[in-house]
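Biologist: Could you take one close look at the interior of this model for me, packing and empty space included? Start with whichever helix you like.

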Amino acid sequence: DVLVIGGGITGAAVARDAAARGLTVALVEKGDWASGTSWRSSKLIHGGLRYLKTGNVRLVFESLSERARLSRLAPHLVRPTDFLFPAYRGRGVAPWQLEVGLTLYDLLALGRSLRRHRRLSREETLRRERMLESPELAAAGLYGDGRTDDARLTLENVLDAALLGAVPVSRAAVDALEKDGHGRARGARARDLESGRELVIRARSVVNATGPWGDTLRKWDDPSAHSVLRLSRGAHLTVPAARLPLGEAIAFPMDDGRLLFAIPYGSVTLLGTTDTDHRGAADDVRAAPEDVAYILAAARRTFPTAGISDADVVATFASLRPLVGQPGVSVGETSREDAIEVAPSGLVTVTGGKLTTHVRMGRKAVDAAAKPLAESGVSTGRSRTSDRPFPGAPDQPMPEFVELLLGAREPADPSLSDDTISHLAYRYGRRAWEVFRLTVEDRSLGRPIVEGLPDIDAEIVFAARFEDTRSLIDALARRTHLFWQAPGQGMEALERAADLLGKELGWTPDQRRGACDDYAREVARSREWKQRS
């Protein structure tokens with residue numbers, strides 16, 4: 001019934017929604033799940049506080065509603081997080097403006113705020129976060145939002161779609177659309193990038209969820225179609241938590257209107273993001289020297305006593321936001337709202353939007369496909385994903401679930417630390433029991449992949465067996481986060497990870513070496529800004 005092209009968060013949500021309605025669904029992605037934009041976000045589930053400044057109250061309201069939904073349906077992946085928003089004398093947001101904004105933010109949440117905001121004096125602010133010490137600091141607001149694992153949120157959409165009967169296939173590149181004699185989009189031609197096999201996928205409706213590549217498919221469908229996308233590059237970097245030790249997440253405004261974040265993630269602090277027009281190819285996105293310089297300058301101004309420098313950067317990554325262009329509007333002011341277009345051929349294109357609103361976007365895209373499906377005698381019915389928990393959602397509140405896992409440590413592996421147990425609970429939810437089972441079968445799999453971090457070898461094996469992991473980049477950048485959390489970006493564990501993954505996937509020595517080389521190149525790309533600066 002439905003062919004979805006694009007395995008980022010949007011395409012995965014479309015496939016999940018369509019499959020939940022009882023439709024037959026194929027989902028194809030040319031790389032790994034979330035390998036484009038969807039793992040390179042700020043990893044936030046939030047209402048978009050800065051959108052109040054541009055008057056986009058409706059988007060904030062919808063995002064806050066979806067934030068509450070995701071907190072309920074994926075509690076292991078969407079974690080309530082306190083944010084401090086500093087206010088300064090003579091720059092940024094004045095204390096009274098911050099108070100008005102946070103009050104409106106609470107009101108738009110309709111009582112579903114993760115916490116009601118509080119105004120903090122300068123002294124209270126510094127007691128909570130000494131790294132904000134600055135002569136210009138006047139006060140701060142404390143409010144609640146959420147953070148997530150963006151790659152895993154995408155993966156759980158894919159896994160749930162499969163549980164509902166969809167057929168998700170990664171490493172399948174679409175080369176052209178298929179049309180019937182009346183010019184209707186009726187599928188696509190694709191190539192299996194591992195075997196070289198060519199496929200023809202026939203479908204009653206085709207959904208273009210390719211994000212930054214959306215205009216390419218629109219022009220395959222109709223060469224006269226005008227480009228509608230404006231690609232905005234968002235860069236991030238991580239620094240060691242020891243260099244920027246934060247007790248909670250910080251949202252800090254810049255003079256140019258950007259709102260940046262500093263978010264503690266275990267061994268590192270994540271800093272970002274930029275918002276600049278991208279003129280190059282969608283397949284070649286990396287943090288530019290000016291992106292890194294901008295973020296570091298912002299961090300030095302906000303945390304002057306930390307003295308963060310180029311030498312502190314652990315990793316960088318960048319992605320493209322597929323925004324719907326608005327003539328005469330700067331990239332920073334361009335709306336983050338989603339947009340659905342149904343072409344005369346019936347091709348449904350979904351673009352724009354936010355990680356936070358992906359469930360809603362999936363529903364809207366399938367609703368838009370109702371007409372081409374109805375022409376084939378297929379009814380879409382109503383969406384069933386609004387209240388459907390994600391595959392890893394535990395039956396208990398998360399603190400109780402963590403206690404259950406801690407109690408099961410003895411029969412699994414007594415050497416597993418409390419940090420590792422908690423880490424597994426929040427990464428996999430109830431699927432953590434399956435990771436545990438691997439450590440029961442082989443105690444050596446309880447060993448940390450990188451010393452000092454909670455990730456364990458069993459996760460590499462689990463990723464290969466149950467999570468469609470085909471490369472070391474998949475395993476170390478998206479199934480785990482060693483690419484941007486480990487001091488050496490996972491290079492110190494590369495050989496052992498290759499042994500574990502290669503054994504599961506049956507790699508030859510040449511394939512193993514090629515996988516290691518591919519990962520090393522990805523790490524080198526993330527460090528290129530140093531040579532170009």
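Modeller: Let's begin at helix α13, residues 432-441, where A432, V435, F436, L438 and T439 are buried (under 20% relative accessible area with a 1.4 Å probe, protein chains only). Helices here are DSSP H or I runs of at least four residues and strands are E runs of at least two, numbered from the N terminus. Those five cover an arc of only 150° around the axis, going by the directions from the axis to the C-beta atoms, so they sit on the same side of α13. Before going on: this is a predicted model, with local features needing pLDDT of at least 70 and side-chain atom pairs pLDDT 80 or more, while totals for chains, interfaces and linings use all residues. Numbering runs from 1 along each chain as its sequence is written, and side-chain values use heavy atoms, leaving out hydrogens and water.

Now the packing. The largest nonpolar core (buried Ala, Val, Leu, Ile, Met, Phe, Trp, Tyr and Cys joined through side-chain atoms within 4.5 Å) has 75 residues. Within this core, W39, Y143, F261, L472, W484 and Y519 touch the most other members. Take L472: leaving aside residues up to four places away in sequence, it touches A477, L494, A497, A498, L501, W507, A515, C516 and Y519 (heavy atoms within 4.5 Å). Apart from the largest core lies another one, of 37 residues, including L231, M254, I308 and L320.

W39 turns up again in the empty space. There are 4 cavities of 30 Å³ or more, a cavity being a set of 1 Å grid points where a 1.4 Å probe fits but cannot get out. The largest cavity has a volume of about 100 Å³, counted as the space filled by probe spheres on its points. Its lining (residues with an atom within 4 Å of a point) is made up of W39, R40, V285, R286, A287, T316, F317, A318, F483, E522, R525 and S526. Strand β17 (315-324) and helix α18 (509-526) are the elements that give two or more residues to that lining. By class, the lining has 6 nonpolar, 2 polar and 4 charged residues.

For contrast, look at R279, in the loop between β16 (276-277) and α7 (289-302). R279 counts as exposed (over 50%) because its relative accessibility is 74%. From R279 to R233 is 46 residues in sequence and 9.4 Å in space, C-alpha to C-alpha.

Technical notes
1 Å grid on protein atoms, 1.4 Å probe; cavity = no way out; pocket = protein on both sides within 12 Å on 5 of 7 lines; lining within 4 Å. Nonpolar A, V, L, I, M, F, W, Y, C, P; charged D, E, K, R; others polar.
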